[in-house]
Amino acid sequence: MKKFSLIFIFILLASGKINAQSDYNFTGYLENLQTVWIPKNSKQWIMMNSITNRFNFAWYLNTGFTINVSMRNIFDYGQYFQVVPGYASFITYDNGFINLTKKIASNISYVFYTNIDRLNLLYSRGNFELQLGRQRINLGLNAVWTPNDIFNSSSYLNFDYVEKPGSDAIRLQYYTGVASSVEFAYKLNHNKQVTAAGIIKLNNWNYDFQLLGGVMEKDYVLGGGWSGQIGGAGFSGEMTYFRNKKMFADTNGVFVAAISGNYTFSNSLFVQTEFLYNSAGKVGKAGGLNNLFGRTYSAKNLSPAMYSIFGEISFPITPLFKADVSAIFNPGDHSFYIGPYVNISLTEDIYFLITAQFFVGDNNSEWGNYGQFYYLRLKWSF
């Protein structure tokens with residue numbers, strides 16, 4: 001926490017020196033998420049409950065500085081702690097250079113902790129921006145698999161963490177046009193490994209393009225992507241090549257690419273599909289519980305399979321009632337995930353979600369080891 005204290009003091013000193021009129025913005029939510037897990041080949045119901053409170057605070061100073069602080073306070077309790085070894089340590093692990101996750105109380109059946117996932121100072125002047133501290137660096141252009149997102153990869157299955165994790169980083173951006181820029185970002189993780197990249201963003205032919213090059217921990221990276229439309233349908237793609245720095249001449253690199261398309265019909269029916277290719281992935285059975293409960297997820301390892309296919313259909317049955325179903329299929333081992341959900345707006349600020357995750361396949365296939373998950377969530381935003 002010493003590193004956190006130094007950063008926090010720096011931000012306070014910076015804000016104190018500015019001494020200018022300012023505006024504030026404060027938002028957040030309070031939610032209760034009930035989970036029932038039925039493992040494969042079991043009739044036992046494993047119960048889990050999570051109460052989450054989030055605060056988002058932004059202080060806008062009229063000299064071009066903004067201070068952003070966001071935190072989550074989470075109380076998890078239930079049977080996961082007995083069934084999944086090390087579950088409390090897993091969910092409170094902070095991979096940032098600065099440990100901004102504090103376990104307040106825990107026992108064999110519960111944990112209460114707080115996590116600061118945004119703590120940064122943003123300076124903006126003209127076409128130039130500088131951001132220092134824990135922040136979200138989102139380079140992804142697709143909705144599900146984002147090979148360009150070397151700083152902040154996050155699994156599609158983690159539906160309850162919509163804000164996604166942040167990085168302890170410095171980011172510089174210079175806007176050369178309305179939709180074009182030159183950027184540089186530098187991140188340190190918990191093990192002092194560096195992820196850094198230069199990024200060029202362009203807009204031509206009504207398409208957004210990006211190119212990036214740099215390092216991601218143990219690899220050199222080179223990638224690019226695009227986002228636009230074809231005949232009214234959204235069309236995007238990303239690809240990144242990874243090559244080990246220490247064994248550059250002795251090993252083959254890893255090439256990860258994903259292409260996405262989506263379309264909204266006149267009746268508001270929305271359909272989306274994505275295809276993922278991972279040159280280091282397995283053609284046969286690609287399973288193991290670490291796929292869901294491990295920390296190996298990254299832009300280089302978006303799936304242990306060589307090929308993956310995603311599909312989604314959603315429809316607003318009424319303005320307050322939305323239904324959706326998504327699926328991921330591994331054609332190599334024929335396992336799949338399917339996730340239906342309905343989201344109901346009870347009031348302008350209160351939402352009720354009913355969803356499930358079904359994992360189907362043979363033992364040791366990519367999706368065949370998990371069973372079924374059922375969720376109920378009540379959320380109040382303020």
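Q: What makes the link between S16 and S17 a hairpin, and which residue in the turn has a positive phi?
A: In this predicted model, S16 and S17 are joined with 4 residues between them. His334 sits in that turn and has a positive phi of about 60 degrees.

Q: Why are S16 and S17 called paired, and in which sense do they run?
A: Pairing takes at least two bridges between two strands. S16 and S17 share 10 bridges and run antiparallel, so they count as a pair. One place to look is Ser326, which stands opposite Gly339 in S17.

Q: How do you know that S17 also pairs with S18?
A: The count is 8 bridges, in the antiparallel sense, and at least two are needed, so the pairing holds. Ile338 faces Phe358 of S18 across this pair. The connection from S17 to S18 is again a hairpin, made through 4 residues.

Q: Which elements give two or more residues to the lining of the second largest pocket?
A: Let's take the pocket itself before its walls. The second largest pocket holds about 710 Å³ of space. It is lined by 32 residues, and the closest to its centre are Tyr156, Asn158, Phe159, Val162 and Tyr341. Strands S16 (321–330), S17 (335–345), S18 (350–360) and S19 (372–381) each give two or more residues to the lining. The largest share, 5 residues, comes from S18.

Q: What makes up the lining of the second largest pocket by class?
A: Sorted by residue type, this lining has 12 nonpolar, 12 polar and 8 charged residues.

Q: How do you know which residues have the most contacts inside the largest nonpolar core?
A: Residues join such a core when they are buried, of a nonpolar type, and linked through side-chain atoms within 4.5 Å. The largest core has 42 residues, and Trp145, Ile150 and Phe242 have the most contacts inside it. Core members must be buried, so Trp145, Ile150 and Phe242 each fall under 20% relative accessible area. In soluble globular proteins, nonpolar side chains tend to be buried together.

Q: Which residues does Trp145 touch, leaving out those up to four places away in sequence?
A: Its partners include Ala258, Phe275, Leu276, Tyr297, Leu302, Ile309, Phe310 and Ile328. Glu238, Glu274 and Ser308 are touched by Trp145 as well.

Q: Why is Asn41 called exposed or buried?
A: Its relative accessible area is 72%, and the cut-off for exposed is over 50%, so Asn41 is exposed. Asn41 lies in the loop between strand S1 (22–38) and strand S2 (46–61). Its phi is near 60 degrees, a positive value in a residue other than glycine. Most residues other than glycine have a negative phi.

Q: What makes Lys192 exposed or buried?
A: With a relative accessible area of 57%, Lys192 passes the 50% mark and is therefore exposed. It belongs to the loop between strand S8 (180–188) and strand S9 (194–204), and its phi, near 60 degrees, is positive too.

Q: Why is Lys285 placed in its exposure class?
A: A relative accessible area of 47% lies between 20% and 50%, so Lys285 is partly exposed. This residue is in the loop between strand S14 (270–278) and helix H4 (290–293).

Q: How do you know which residues Lys285 touches, beyond those up to four places away in sequence?
A: Touching calls for heavy atoms within 4.5 Å, and Asp333, Asp362, Asn363, Asn364 and Ser365 qualify for Lys285. Gly332 is 47 residues away from Lys285 along the chain, yet their C-alpha atoms are separated by 7.0 Å.

Q: Why is Tyr60 placed in its exposure class?
A: Tyr60 has a relative accessible area of 39%, between the two cut-offs of 20% and 50%, so the class is partly exposed. Tyr60 is in strand S2. Its C-alpha atom and that of Asp23 are 5.0 Å apart, with their positions 37 residues apart along the chain.

Q: What makes S2 and S3 a pair?
A: They share 13 antiparallel bridges, and at least two are required, so they pair. Ala58 stands opposite Asn68 in S3. The hairpin of S2 and S3 has 3 residues between the strands, and Gly64 there takes a positive phi near 100 degrees.

Q: How do you know that S3 pairs with S5?
A: There are 13 bridges between these antiparallel strands, with Arg72 opposite Asn115 in S5.

Terms used. Residues are numbered from 1 along each chain as its sequence is written. This is a predicted model: local features need pLDDT of at least 70, side-chain atom pairs count only at pLDDT 80 or more; totals for chains, interfaces and linings use all residues. Side-chain values use heavy atoms; hydrogens and water are left out. Buried means under 20% relative accessible area, exposed over 50%, partly exposed in between (1.4 Å probe, protein chains only). On a 1 Å grid over the protein atoms alone, a cavity is a set of points where a 1.4 Å probe fits but cannot get out, and a pocket is an open set with protein on both sides within 12 Å along at least five of seven lines; lining residues have an atom within 4 Å of a point. Grid points are joined across faces, edges and corners, and a volume is the space filled by probe spheres set on the points. Ala, Val, Leu, Ile, Met, Phe, Trp, Tyr, Cys and Pro count as nonpolar, Asp, Glu, Lys and Arg as charged, and the others, Gly among them, as polar.
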